[in-house]
Amino acid sequence: LAFAWTNPCESPKNAQLPFCDQSLSLDKRATDLVGRISSYEKLGMLVNTAEGAPSVDIPAYEWWSEALHGVGQSPGVNFSDPVPAATSFPQVQTTSMSWNATLFALIGTTIGIEARAFANLGHAGFTFW
């Protein structure tokens, strides 16, 4: 199961297809891409361990990357060298009792930086919620 996103337009078989043509509108590109994915493949992408769409070279993808407490302990993140751990923040209800907007901003910034670092290393995707 892939942790990192790979661009299907980097595949030689897809490079000349309409969904990879950046001169087309986003609507046209999305319509073309979705039309090339089979119903079976679409159904397989409705779960957190998405099976991918081999017909357009979209790999299997783990998008269960819940970051409510931070990136730490998220099942969609590969915790191995060179980054075997991440920050885990307290229960959101507890943090909210502080009424500290600066604290919330700092926690959000930290989660964003750590999530991007894991994604850049190929240890996570870009889907954090």
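This is a short chat about a predicted model of one protein chain.

Trainee: How confident is the predictor in the protein chain overall?
Mentor: The mean pLDDT of the chain is 88. Of its residues, 96% reach 70 or more.

Trainee: Where is confidence lowest, and where is it highest?
Mentor: It is lowest in strand E2, residues 61-62, with a mean of 78. It is highest in H1, at 97.

Trainee: On to bonds. How many disulfides are there?
Mentor: The count is one. It joins Cys9 to Cys20, and the S to S distance is 2.1 Å.

Trainee: Where do Cys9 and Cys20 sit in the chain?
Mentor: Both Cys9 and Cys20 are in the segment before helix H1, which covers 26-36. They are 11 residues apart.

Trainee: Why is that disulfide called left-handed?
Mentor: Look at the torsion about the S-S bond of Cys9 and Cys20. It is about -95 degrees, so the disulfide is left-handed.

Trainee: Is Cys20 buried or exposed?
Mentor: Cys20 counts as buried, because its relative accessibility is 12% and the cut-off for buried is under 20%. Its partner Cys9 is partly exposed, at 21% relative accessible area.

Trainee: New topic. How many salt bridges are there?
Mentor: There are two. One pairs Asp57 with Lys13, and their closest N and O atoms are 3.7 Å apart.

Trainee: Which parts of the chain does that pair link?
Mentor: Distant ones. Asp57 is in the loop between strand E1 (49-50) and E2. Lys13 is in the segment before H1. The two are 44 residues apart.

Trainee: What about exposure for Asp57 and Lys13?
Mentor: Asp57 is partly exposed, with a relative accessible area of 29%. Lys13 is partly exposed too, at 47%.

Trainee: And which residue does Arg36 bridge to?
Mentor: Arg36 forms a salt bridge with Asp32. Their closest N and O atoms are 2.9 Å apart.

Trainee: How are Arg36 and Asp32 placed in helix H1?
Mentor: They are four residues apart in H1, so about one helical turn separates Arg36 and Asp32.

Trainee: Which class does each fall into, buried or partly exposed?
Mentor: Arg36 counts as partly exposed, at 34% relative accessibility. Asp32 counts as buried, at 16%.

Trainee: Now the inside. Which residues make up the largest nonpolar core?
Mentor: It has nine residues: Ala67, Val71, Val77, Phe89, Ile107, Ile111, Ala115, Phe118 and Ala124. Another core, of six residues, lies apart from it. Among its members are Phe19, Cys20, Ala53 and Val56.

Trainee: Hang on, Cys20 again?
Mentor: Yes. Cys20 belongs to that core of six, and Cys20 is also joined to Cys9 by the disulfide.

Trainee: What do nonpolar side chains tend to do in soluble globular proteins?
Mentor: They tend to be buried together.

Trainee: Which residues form a nonpolar patch on the surface here?
Mentor: Leu43, Leu46 and Val47 do. Together they have about 310 Å² of accessible area.

Trainee: Where is Leu43, and is it buried or exposed?
Mentor: Leu43 is in helix H2, residues 39-44. It is exposed, with a relative accessible area of 59%.

Trainee: Last one. Where does Tyr40 lie?
Mentor: Tyr40 is in helix H2 as well. It is exposed, at 62% relative accessible area. From Tyr40 to Ala53 is 13 residues in sequence and 9.0 Å in space, C-alpha to C-alpha. Ala53 is one of the residues in the core of six.

Note on methods: Residues are numbered from 1 along each chain as its sequence is written. This is a predicted model: local features need pLDDT of at least 70, side-chain atom pairs count only at pLDDT 80 or more; totals for chains, interfaces and linings use all residues. Side-chain values use heavy atoms; hydrogens and water are left out. Patches are made of residues with over 30% relative accessible area and no salt bridge: like charges are joined within 9 Å, nonpolar side chains (Val, Leu, Ile, Met, Phe, Trp, Tyr) within 5 Å. Accessible areas come from the Shrake-Rupley method with a 1.4 Å probe; for residues, only the protein chains shown count as cover. A salt bridge is a side-chain nitrogen of Lys or Arg within 4 Å of a carboxyl oxygen of Asp or Glu. Buried means under 20% relative accessible area, exposed over 50%, partly exposed in between (1.4 Å probe, protein chains only). A nonpolar core is a set of buried Ala, Val, Leu, Ile, Met, Phe, Trp, Tyr and Cys residues joined through side-chain atoms within 4.5 Å. A disulfide is a pair of cysteine sulfur atoms within 2.5 Å. pLDDT is the predictor's confidence in each residue, from 0 to 100.
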